[in-house]
Amino acid sequence: MRSFRDAKLMAKSLRDTMASRQVPLSHSETLEIVARQFGYDDWNVLAAKIGEAAPEKPAEAVRLQMGIPILRIFDEAKAKEFYLDFLGFTMDWDHRFGPNMPLYMQVSRSGLQLHLSEHHGDASPGSTVFVWMEGIDALHAELTAKRYTYSKPGIEEDGPGGRTLQVPDPFGNRIRFCEKRD
């Protein structure tokens, strides 16, 4: 299907077809006919509209968005102590199907969202999440100042991708905060 962007090509095709039927038309006459077919008074108006319009972009059949890692946890109190108190995340929401059922919750900080789950079958203990970030020295100073008994993370200067601050949680999962090298 042709669009108004093909107007000049349509005018040429019309001119050739009419010439083959012994009906001579000038190029400008065919441009005017095509403009009227698109509902415009003349070629100048259509040409202006063609110039205004952005090129059509085909719709993508699949559009992916940022994923949210799920990390397995085994103890709600230890998870909150680590993710909320130590790492400084905020609990966005939590869910249980009923009393004494496993916890599923979302925590976030500065655009990073993590799902923490006590559900058997959600994620494997010992997972690693890689996080691009800026301000790794400030994060390191913040964590060091908290004097968290169970973790004393340091910055690896030559980590893959840049300076890396790896922080293990109480359940064997690791978060690798990485800042690109300058």
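This tour moves through a predicted model, from a sheet to a helix and then to aromatic side chains.

**The sheet**

Begin by selecting strands β5 (128-132), β6 (155-159), β7 (162-168) and β8 (174-180). Together they form an open sheet of 4 strands, in the order β5-β8-β7-β6 and with mixed pairing. At its edges stand β5 and β6; each has a single partner strand, so one side of each lacks a neighbour in the sheet. Turn the view to look across the strands: on average, neighbours in this sheet are turned by 30° against each other, direction ignored. As general background, strands of a sheet pair through backbone hydrogen bonds, either parallel or antiparallel. For β6 and β7 the sense is antiparallel, over 3 bridges. To locate this pairing in the viewer, select I155 and L165: I155 stands opposite L165 of β7.

**The helix across the sheet**

Next, select helix α5, residues 136-145. The helix lies across β6, β7 and β8, and runs at about 30° to β7. Show the side chains of I136, L139 and L143, which are buried in α5. Viewed down the axis of α5, its buried residues fall within an arc of 60°, so they line one face of the helix. The spacing follows a general rule: an α-helix has 3.6 residues a turn, so residues three or four places apart point the same way. Which elements cover the buried residues of α5? Among them are α4 (76-86), β3, β6, β7 and β8. Rotate to the face turned away from the buried side, where the exposed residues A138 and A145 are found. Following the helix, select R147, which has a positive phi, near 50°.

**A buried histidine**

Move to H119, in the loop between β4 (112-117) and β5. Is H119 buried or exposed? With a relative accessible area of 16%, H119 is buried, because the cut-off for burial is under 20%. Leaving aside residues up to four places away in sequence, H119 touches R72, F97, P102, L103 and Y104. The last of these contacts, Y104, leads to the aromatic side chains.

**Aromatic pairs**

Across the whole structure, a search finds 9 aromatic pairs. Select W93 and Y104: their ring centres are 6.0 Å apart and their planes meet at 20°, so the pair is stacked. The pair links distant parts of the chain, with W93 in strand β2 (residues 90-95) and Y104 in strand β3 (residues 104-109), 11 residues apart. W93 is partly exposed at 36% relative accessibility, whereas Y104 is buried at 16%.

Now select F130 and W132. Their ring centres are 5.0 Å apart and their planes are at 85°, so this pair is edge-to-face. Both rings belong to partly exposed residues: F130 has 40% relative accessibility and W132 has 46%. Add K180 to the selection; K180 lies over the face of W132, at 4.9 Å from the ring centre.

**The aromatic cluster**

Finally, select F82, Y83, F86, F89, Y148 and Y150, which form one aromatic cluster. Add K78 to see another lysine placed over a ring: K78 lies over the face of Y150, at 4.7 Å from the ring centre.

Notes. Residues are numbered from 1 along each chain as its sequence is written. This is a predicted model: local features need pLDDT of at least 70, side-chain atom pairs count only at pLDDT 80 or more; totals for chains, interfaces and linings use all residues. Side-chain values use heavy atoms; hydrogens and water are left out. Helices (H or I, at least four residues) and strands (E, at least two) are DSSP runs, numbered from the N terminus. Buried means under 20% relative accessible area, exposed over 50%, partly exposed in between (1.4 Å probe, protein chains only). Contact means heavy atoms within 4.5 Å. Two strands pair if DSSP finds at least two bridges between them. Axes are lines fitted to C-alpha atoms, for helices over the stretch in contact, and angles run from 0 to 180 degrees between N-to-C directions. Rings of Phe, Tyr and Trp (its six-membered ring) pair if their centres lie within 6.5 Å; planes under 30 degrees apart count as stacked, over 60 as edge-to-face and the rest as tilted. A charge sits over a ring if NZ of Lys or CZ of Arg is within 6 Å of the ring centre and within 35 degrees of the ring normal. The arc is that of the directions from the helix axis to the C-beta atoms.
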